[in-house]
Amino acid sequence: MGTVVDDAASVEFHAFFERHYAELSRLAHLLTGEPDAADDLAADALLALWHRWDRVRAADHPVAYARGVVANLARTRIRTAVRERRRVALFWSQREERTENPDVAGVVDVQEALRRLPFRKRACVVLRHAFDLSEKDTALALGVSVGTVKSQTSKGVAELQRLLGMQAAPGQVHAAFARSGGAVGRDR
């Protein structure tokens, strides 16, 4: 008996899908401005509807419910994209400064040592010392807490000093970044 109900629900959902998929995809495209993402958002919305199909089919206006799901998914996608763009903009907001006659050997050594650091330590050290971002701005750019920035920067600088064979203070590591002309933060 349960199979008949499931089969009926499946047939009903399939008909709903066929009738409304193109409309939901168009809605997603108009909301996000991304034609490639529109089909994915419509499919994700319909998958969510399928998981709640008993409630959706009992609703007064199932299509309105479906449109609401698409709108919510589109809003989430836009918010995520905006946050990512802000992080990228913050990361690149510092003007790249060039140094005349940089210490090329020093730059190569620092870049090699940076590549050996785990990503989070490397990102914290580069943002703090090569880009002169505050702990708060670094935390915002990386989506972590200020405490994480403090500990990862401290550990990263200590590891850099060990890798570079420096018995130097963090200020001297900062000076090594400055001598490199700001190019140490990017892998080439």
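This is a short dialogue on reading the cores and salt bridges of a predicted model.

Visitor: Where do I start with packing?

Guide: Start with the nonpolar side chains. In soluble globular proteins, these tend to be buried together.

Visitor: Which residues have the most contacts inside the largest nonpolar core?

Guide: They are Phe16, Leu24, Leu46, Leu49 and Trp53, in a core of 19 residues. Two or more residues come from each of helix 1 (2–32), helix 2 (35–51), helix 3 (53–58) and helix 4 (62–92). Helix 2 gives the most, with seven residues.

Visitor: What does Leu46 touch, not counting residues up to four places away in sequence?

Guide: Leu46 touches Phe13, Phe16, Phe17, Tyr21 and Leu24. Apart from this core lies another, of 13 residues. Val110, Leu117, Val125 and Phe131 are among them.

Visitor: Now a polar residue. Is Gln152 buried or exposed?

Guide: Read the relative accessible area. Buried means under 20%. Gln152 has 15%, so Gln152 is buried. Its place is in helix 8 (residues 146–164). Leaving aside neighbours within four places in sequence, Gln152 is in contact with Arg120, Lys121 and Cys124.

Visitor: On to charged pairs. How many salt bridges does the structure hold?

Guide: The structure holds six. For each pair, check the N to O distance, then where the partners sit. Take Arg67 and Glu23: their side chains meet in a salt bridge at 2.6 Å, N to O. Arg67 is in helix 4 and Glu23 in helix 1, 44 residues apart, and the pair links distant parts of the chain. Both partners are partly exposed: Arg67 at 39% relative accessibility, Glu23 at 30%.

Visitor: Which residue forms a salt bridge with Arg77?

Guide: Glu34 does, with the closest N and O atoms 3.0 Å apart. Glu34 lies in the loop between helix 1 and helix 2, and Arg77 in helix 4, so the pair ties together parts that are 43 residues apart in sequence. Glu34 is partly exposed at 25% relative accessibility. Arg77 is also partly exposed, at 36%.

Visitor: What about a pair within one helix?

Guide: Look at Arg115 and Glu112. Both lie in helix 5 (residues 104–116), three residues apart, about one turn of the helix. They form a salt bridge, with the closest N and O atoms 3.9 Å apart. The cut-off is 4 Å, so this pair counts. Arg115 is partly exposed at 34% relative accessibility, and Glu112 at 42%.

Visitor: Which residues are linked in a network of salt bridges?

Guide: Glu12, Asp54 and Arg57 are.

Notes: Residues are numbered from 1 along each chain as its sequence is written. This is a predicted model: local features need pLDDT of at least 70, side-chain atom pairs count only at pLDDT 80 or more; totals for chains, interfaces and linings use all residues. Side-chain values use heavy atoms; hydrogens and water are left out. A nonpolar core is a set of buried Ala, Val, Leu, Ile, Met, Phe, Trp, Tyr and Cys residues joined through side-chain atoms within 4.5 Å. Buried means under 20% relative accessible area, exposed over 50%, partly exposed in between (1.4 Å probe, protein chains only). Helices (H or I, at least four residues) and strands (E, at least two) are DSSP runs, numbered from the N terminus. Contact means heavy atoms within 4.5 Å.
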